[in-house]
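Welcome! Take a moment to look over the sequence and the 3D view, and then let us walk through them together.

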Amino acid sequence: MTDVSTARVPPAVLPKPNDVCWCGSGSKYKKCHRGADTVEARRRGPDAPARGVRPGIISPMRPVPAHIPRPDYAATGRPARGPLPPEVKNADVIARMRRACKAAAEVLNVTSTFLRPGITTDEIDALAHEEYIKRGGYPSPLNYHGFPKSLCTSVNEVICHGIPDNRALEDGDIVNLDITIYLDGVHGDCSATYFVGNVDEDSQRLVQVTRECLMRGIEAVKPGRPINDIGRAIEAHATAHKMGVVRAYCGHGIGERFHSSLQIPHHYDPEAKTIMEPGMTFTVEPMITLGHWHHRQWDDGWTAVTADGSRTAQFEHTLLVTDTGAEILTVA
C-alpha cells in the first residue's frame, strides 16, 4: 500500500499550537484540529495508542476457484463499457437478485462472528473470501478497478473502502464490513458496523443513529417519489442528533452491474430528481460521522477518512422498489 501522506493522517507527535496543522489546511494547529485531537485523546485515555488508523501490509489477492462464474472485470480490473442494463429489472433478474442478496447477507453475518480484538483485517478478508466461495459466488470487490481484496474493512475514522491488511483490531474499535457477492449473474451488496470489545458511549450512539438513518432512508422509498426523499429523511435524522452525513459517497443502482448510473445521495440533493419506479434495485448506505462530513482520501486511491478524524459508521442494504414501498433484499 502507498504510504499515507502526513498531511492527511495525524502524526504520532502532534504539532505545537502555533505550528501548521497536520491536515494540510495551512492554518495553525490551534485553530484547526487541536480541539478535535484533544477530545479524541480524552476519549481514548492517556494509555491508548496514538490516534488514527494507519496503513498496513497488504497480502496478495486471494485466488478464486475456476468453477466460480466471474464478473467481466475479474481478470482485467476494468468493468465492460457499453449500454447499461435497465434500472427497472424484470422478474428473472429480481429472482436472481434475491438469491445473491441473501447470500451476501449470509456472508456478512458469518464473517462478523469472527470479530475480536487481535484479529487482523486481512484475516477477516480470508474468512469472508471462503464464505463467498462456499456459496458459489465471486467476491465482487476483488479486482474491481483493481481493488485488491474481497471485502472492505473500514475502521474508526475510515468512512469506506478500507483495504484489509495486517492491522489488528483493537479493543474499542468500530469496524464496517462491506460485502458484495456476484452470484447468478447479479450482485448483492450490504454492510454493517460492529463493535470490537468495549466501545465508548459516543461510538455506541453513532452506530445506533446510523442504523436508524438507514431505516429512515428505506422508509422514504416510495414509487412515484423522487430519489432525494431518501437523503432528506437520512439527513434530517442525523442532523437532529448533531451528526454529519458524508456527501462524497452515495448509494447506487445495482444488478447485472456492480454499479449503475443511478445514484442515491444520503443528504438532501435537490438535483436528485429521478423518480422511483417499481422494479428498481439500488443500495441505501448512509455514512454518518460524529464530526464534520468532509472527507480525505489516502494515497492508495481507495481509503476514505473523515477530514477531522472523527469516527464514522455505515449500514447498507440492497433494496427493491415495490408497488407500495421497498423490499429489503439483503436478508439472510
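## A tour of the cavities, helices and cores

The residues lining the largest cavity fall into six nonpolar, four polar and three charged. This is a predicted model, and that cavity holds about 100 Å³ of space. It has 13 lining residues, and the ones closest to its centre are V53, T153, I163, D165 and W298. In total, the structure has three cavities of 30 Å³ or more.

There is a pocket to visit as well. The largest pocket contains about 450 Å³ of space. Its lining is made of 24 residues, with H161, C250, H252, H259 and E285 closest to the centre. By type, the lining splits into 12 nonpolar, eight polar and four charged residues. Two strands, β4 (174–183) and β7 (251–252), each give at least two residues to this lining.

**The overall layout**

Stepping back, the protein has five helices and 15 strands. Of its 332 residues, 53% count as buried. Contacts also reach across the sequence: among those in the protein with a separation of 6 or more, 70% join residues 24 or more positions apart.

**Two helices side by side**

Here are two of the helices in a small table.

| Helix | Residues | Number of residues | First to last C-alpha | Expected span |
|---|---|---|---|---|
| α3 | 121–134 | 14 residues | 20 Å | 20 Å |
| α5 | 228–240 | 13 residues | 18 Å | 18 Å |

Let us start with α3. Which residues of α3 are buried? They are T121, D122, I124, D125, A128, H129, E131, Y132 and I133. These buried residues pack against the helix α2 (91–112) and the strands β1 (138–139), β2 (152–155) and β4. Just past the end of α3 comes G136, with a positive phi of about 75 degrees.

Now for α5. At 1.5 Å a residue its 13 residues should span 18 Å, and its end C-alpha atoms are 18 Å apart, so the two values agree. Buried in α5 are N228, D229, I230, G231, I234, H237 and A238. The cover over these buried residues includes the helix α4 (201–219) along with β6 (244–245), β8 (263–264), β9 (281–284) and β10 (287–289). After α5 comes K242, which has a positive phi near 60 degrees.

**The nonpolar cores**

A general tendency is worth keeping in mind here: in soluble globular proteins, nonpolar side chains tend to be buried together. In this model, the largest nonpolar core has 61 residues, and I230 and F282 have the most contacts inside it. Two or more residues of this core come from each of α2, α3, β4, β5 (186–195), α4, α5, β9 and β14 (317–321). The biggest giver is α2, with nine residues.

What does I230 touch, leaving aside its neighbours within four places in sequence? I230 is in contact with G217, A220, V221, I264, M276, F282 and V284. A second, separate core has seven residues, including A74, I133, L142 and Y182.

**Two residues up close**

L177 sits in strand β4. Is L177 buried or exposed? Its relative accessible area is 0%, which is under the 20% cut-off, so L177 is buried. Apart from neighbours within four places in sequence, L177 is in contact with L108, T111, S112, L115, I124, L151, C152, T153, C190, S191, A192 and Y194. Among these partners, I124 is one of the buried residues of α3. Another α3 residue, A128, lies 49 residues from L177 along the chain, and their C-alpha atoms are separated by 9.7 Å.

P65 is found in the loop between α1 (34–44) and α2. With a relative accessible area of 29%, which falls between 20% and 50%, P65 counts as partly exposed. Setting aside neighbours within four places in sequence, P65 is in contact with R70 and I133. The C-alpha atoms of P65 and I133 are 7.9 Å apart, although 68 residues separate the two along the chain. I133 has appeared before, both as a buried residue of α3 and as a member of the second core.

Conventions
Residues numbered from 1 in each chain as written. Predicted model: local features only at pLDDT ≥ 70, side-chain atom pairs only at ≥ 80, totals over all residues. Heavy atoms only, no water. 1 Å grid on protein atoms, 1.4 Å probe; cavity = no way out; pocket = protein on both sides within 12 Å on 5 of 7 lines; lining within 4 Å. Points joined across faces, edges and corners; volume = space filled by probe spheres on them. Helix = DSSP H or I, 4+ residues; strand = E, 2+ residues; numbered from the N terminus. Nonpolar A, V, L, I, M, F, W, Y, C, P; charged D, E, K, R; others polar. Expected span 1.5 Å × (residues − 1). Buried < 20%, exposed > 50% of the residue type's maximum accessible area, 1.4 Å probe, protein only. Contact = heavy atoms within 4.5 Å. Core = buried A, V, L, I, M, F, W, Y, C linked by side-chain atoms within 4.5 Å.
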